[in-house]
Amino acid sequence: MAEPSNNPPPSRLQRLLGFLEQDAGNLSLLAEAAEAALAEREPQTAKELLDRYAAITPWGDREIELAGRASLETGAYEEAAARYGELLAAHPADPALKFNRAFALAMLKRFEQSLALLDEAVAMALAPAAALKVQLLHELGRFDEAADHARLYVQHHPDHRGLMAAVSVLAVDVEDFELARACAQKAGDHPDALTTLAMLALAESRDDDAAAMFDRALMQNESSPRAWIGKGLTELAAGAYRQAARDIERGAELFGDHIGSWIALGWARLLSEDLPAARAAFQHALELDRNFAESHGSLAVVMILEGCPENAKAMAETALRLDRKSFAGALARALLLEAEGKPELAQSIVERALNTPIDATGATVAQALAKRALFA
């Protein structure tokens, strides 16, 4: 009796490739094998098979759609957008085609073009399309519109983890923390949801819980700016100032133009006693938006440490004119009044103030300023 083989049976793709060795020009086999390759996560193989098909005869709709999927999965987004654009010309109302082209355009950062494809019919038909629409509106700064759509979509697609994660991130930025927590809890281990829950824990001074969740989020997605900044803020709370500055800097660079992240970086650098680097971070925040009060106020504190009280006074006044509740502006003005124009005394007061605990958790003024920046 023959011994049973330990080798797994050939996959569908392997069987079809075997048939193609005997019948290389069989168009039906080529298309079926390309479909199997995509199902088995071999998009490059699918592309090669479709190229063989195209060398024999032009593609039909089925082959164009397969080529579009292969392009999406290999990151060839220009190709994918073109493929789905071609199909949409013939089938303009198809929601799946609209979503796939919108996704490709979003990956190319052509956000307005992408959003234009995601009408309500598409978003209500496909939960991934609803998630993408929320993300695009959020990215474009249309927060109120994004929130209105998000609240509708979470009712219509209550079990979609990606949508719940996207809405949780948006909800933090629009300060609907109840919605943020509810959506993040429904999204399970999605990295964006973990980051949202970690941010909420951070806001509640549950720094150990926050640190663990930021780490879990980063294990899944190393490119999450919020997770890097949040991780840095938990390190600030633990007194690991230099590591905090490095992690917050990584998040700030990933975010690019998020002012609050550069403010947080400035305070982390100030706590790690790198005054020139702190000034550079605050100055960068100011260049992003000269109407953001905390940039002016934070620079005023740096100027006090540099022994330039007159310049600091002007910056502090600008901060408070832009926002009467500016924390950094109020801090700078109070420090200037207490120091009475004496630079050496001002520096001593700033250093003491920034390291003074302000609540039962032991959080300092500087840590509080940095934490506030995450939610700016």
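Guide: A crossing of two helices is left-handed if the near helix is turned anticlockwise from the far one by less than a right angle. In this predicted model, helix α9 passes helix α11 in a left-handed crossing.

Visitor: What makes α9 and α11 roughly parallel or roughly antiparallel?

Guide: The two helices pack at an angle of about 20 degrees, and their axes lie 8 Å apart. Angles under 35 degrees count as roughly parallel, so α9 is roughly parallel to α11.

Visitor: Which residues of α9 and α11 meet?

Guide: From α9 come Ala127, Ala130, Ala131, Val134, Gln135 and His138. They meet residues of α11, including Gly162, Leu163, Ala166 and Val167.

Visitor: How do you know whether α13 is roughly parallel or roughly antiparallel to α14?

Guide: The axes of α13 (residues 191–203) and α14 cross at roughly 160 degrees and come within 8 Å. Angles over 145 degrees count as roughly antiparallel, and therefore α13 is roughly antiparallel to α14. The crossing of this pair is left-handed. Among the residues that make the contact are Leu194, Leu197 and Ala198 of α13, together with Asp209, Ala210 and Met213 of α14.

Visitor: Where is Asp209, and how far is Asp209 from Leu197 in space?

Guide: Asp209 belongs to helix α14, residues 207–220. Its C-alpha is 9.2 Å from that of Leu197, while the two are 12 residues apart in sequence.

Visitor: Why is the pairing of Asp209 and Arg206 called a salt bridge?

Guide: Side chains of opposite charge can pair when their charged atoms come close. A salt bridge needs a side-chain nitrogen of Lys or Arg within 4 Å of a carboxyl oxygen of Asp or Glu. For Asp209 and Arg206 the N to O value is 3.0 Å, so the pair satisfies the cut-off of 4 Å. Salt bridges that share partners join Arg181, Glu204, Arg206 and Asp209 into one network.

Visitor: Why is Asp209 called partly exposed?

Guide: Partly exposed covers what lies between the 20% limit for buried and the 50% limit for exposed. Asp209 has a relative accessibility of 39% and therefore counts as partly exposed. Arg206, at 33%, is likewise partly exposed.

Visitor: How many salt bridges does the structure hold?

Guide: The structure holds 19 salt bridges. In one of them the closest N and O atoms of Lys133 and Glu120 are 2.8 Å apart. This pair links distant parts of the chain, with Lys133 in α9 (residues 127–139) and Glu120 in α8 (residues 120–125), 13 residues apart.

Visitor: Is Lys133 buried or exposed, and how do you know?

Guide: Buried means under 20% relative accessible area. Lys133 has 9%, so Lys133 is buried. Its partner Glu120, at 30%, is partly exposed.

Visitor: What makes Glu78 and Arg110 a salt bridge between distant parts of the chain?

Guide: Their side chains meet at 3.3 Å, N to O. Glu78 is in helix α5 (residues 77–90) and Arg110 is in the loop between α6 and α7, 32 residues apart. Arg110 is partly exposed, with a relative accessible area of 27%.

Visitor: Which residues touch the most other members of the largest nonpolar core?

Guide: Of its 95 residues, these are Leu118, Val167, Ile248, Trp267 and Phe282. Helix α17 (residues 259–271) gives the largest share of this core, nine residues. A second, separate core of 18 residues includes Leu30, Leu49, Leu50 and Ala67.

Visitor: What does Phe282 touch, not counting residues up to four places away in sequence?

Guide: Among its contacts are Ile263, Gly266, Trp267, Leu270 and Val302.

Conventions
Residues numbered from 1 in each chain as written. Predicted model: local features only at pLDDT ≥ 70, side-chain atom pairs only at ≥ 80, totals over all residues. Heavy atoms only, no water. Helix = DSSP H or I, 4+ residues; strand = E, 2+ residues; numbered from the N terminus. Buried < 20%, exposed > 50% of the residue type's maximum accessible area, 1.4 Å probe, protein only. Core = buried A, V, L, I, M, F, W, Y, C linked by side-chain atoms within 4.5 Å. Contact = heavy atoms within 4.5 Å. Axes fitted to C-alpha atoms, helices over the stretch in contact; angles between N-to-C directions. Parallel < 35°, antiparallel > 145°, perpendicular 65-115°, else oblique.
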